[in-house]
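This report is written for a student who is meeting a protein model for the first time. Please keep the sequence and the structure in view while reading.

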Amino acid sequence: MTTIVGTYECKVDAKGRILMPAPLKKQLATSLQNGFVLKRSVFQPCLELYPMEEWDLMMQKINKLNRFVKKNNDFIRRFTAGVKMVEIDALGRLLVPKDLVVFANISKDVVFSSAVNIVEIWDKELYEKSISGEDVDFADLAEEVMGNTNDDHGIS
């Protein structure tokens with residue numbers, strides 16, 4: 001599993017191209033050859049950029065779902081809606097297809113935000129709202145999600 005680190009602000013041009021920040025491009029260097037999958041986020045108004053090897057792992061999980069169960073079939077259809085294979089061009093730019101630009105309300109300022117093994121791509125204003133904590137108490141959330149984690153690594 002690839003672990004990606006960092007949050008980077010960028011600009012998007014009128015054609016939907018975003019120059020990949022150099023530190024992020026360096027982290028994804030092994031993935032540049034194989035390309036990426038870009039999709040709508042399930043929970044947020046942003047996009048998710050999967051290195052192809054991470055996408056393949058996700059598809060292995062999804063492929064185990066029984067498609068004769070209607071909920072599974074509905075989930076697969078919605079999860080893969082708008083999915084696009086994308087590459088970073090020779091100039092280091094990512095072309096975001098128009099339908100995905102519209103979905104994520106991307107205007108001119110963009111944030112690439114690491115999410116462990118994928119990268120979220122946000123309109124900057126929406127990203128700032130999502131992390132502002134207005135509707136979520138992060139301390140409570142951290143306790144609920146990580147509070148019962150008992151491992152040998154001394155997470156504090």
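## A central set of strands

Strand E3 and strand E4 (residues 47-51) run antiparallel and are joined by five bridges. Two strands are said to pair if DSSP finds at least two bridges between them. Helices (H or I, at least four residues) and strands (E, at least two) are DSSP runs, numbered from the N terminus. The structure is a predicted model, in which local features need pLDDT of at least 70 and side-chain atom pairs count only at pLDDT 80 or more, while totals for chains, interfaces and linings use all residues. Residues are numbered from 1 along each chain as its sequence is written, and side-chain values use heavy atoms, with hydrogens and water left out.

The connection from E3 to E4 is a hairpin of six residues. E3 also runs antiparallel to strand E5 (residues 84-86), with three bridges between them. Val 37 illustrates both pairings: its bridge partner in E4 is Tyr 50, and its bridge partner in E5 is Met 85. Strand E3 (residues 36-40) is largely enclosed by the rest of the structure, because four of its five residues are buried. Here, buried means under 20% relative accessible area, exposed means over 50%, and partly exposed lies in between (1.4 Å probe, protein chains only).

## The chain as a whole

The chain contains six helices and eight strands. Along the sequence, these elements follow the pattern β-β-α-β-β-α-α-β-β-α-β-β-α-α. The chain has 156 residues, of which 34% count as buried.

## Salt bridges

Side chains of opposite charge can pair when their charged atoms come close. A salt bridge is defined here as a side-chain nitrogen of Lys or Arg within 4 Å of a carboxyl oxygen of Asp or Glu. Eight salt bridges are found in a search of the whole structure. One of the salt bridges links Glu 48 with Lys 39, whose closest N and O atoms are 3.6 Å apart. Glu 48 and Lys 39 are both buried.

Further salt bridges occur in helix H3 (residues 70-79), where Lys 70 and Asp 74 lie four residues apart, about one turn of the helix. The side chains of Lys 70 and Asp 74 form a salt bridge with an N to O distance of 2.7 Å. Lys 70 is exposed, because its relative accessible area is 60%, whereas Asp 74 is partly exposed at 22%. Asp 74 also forms a salt bridge with Arg 77, at 3.2 Å from N to O. Asp 74 and Arg 77 are about one helical turn apart, because three residues separate their positions in helix H3. Lys 70, Asp 74 and Arg 77 thus belong to one network, joined by salt bridges that share partners.

## Residues in the loops

Which residue is found in the loop between helix H4 (98-103) and strand E7 (109-115)? Ala 104 is found there, and this residue counts as buried because its relative accessibility is 0%. The C-alpha atom of Ala 104 is separated by 8.6 Å from that of Gln 44, although these residues are 60 residues apart along the chain.

Asn 105 also has its place in the loop between H4 and E7. Its phi is near 55°, a positive value in a residue other than glycine. With a relative accessibility of 47%, Asn 105 counts as partly exposed. Val 116, in the loop between E7 and strand E8 (118-123), has a phi near 65°, again a positive value in a residue other than glycine. Val 116 counts as partly exposed, because its relative accessibility is 48%.

## A charged patch on the surface

Asp 137, Asp 140, Glu 143 and Glu 144 form a negative surface patch. Patches are made of residues with over 30% relative accessible area and no salt bridge; like charges are joined within 9 Å, and nonpolar side chains (Val, Leu, Ile, Met, Phe, Trp, Tyr) within 5 Å. Lys and Arg count as positive and Asp and Glu as negative, while His and the chain ends are not counted. The place of a charge is taken as NZ of Lys, CZ of Arg, CG of Asp or CD of Glu. Accessible areas come from the Shrake-Rupley method with a 1.4 Å probe, and for residues only the protein chains shown count as cover.

Within this patch, Glu 143 lies in helix H6 (residues 138-146). Glu 143 counts as exposed, because its relative accessibility is 57%.
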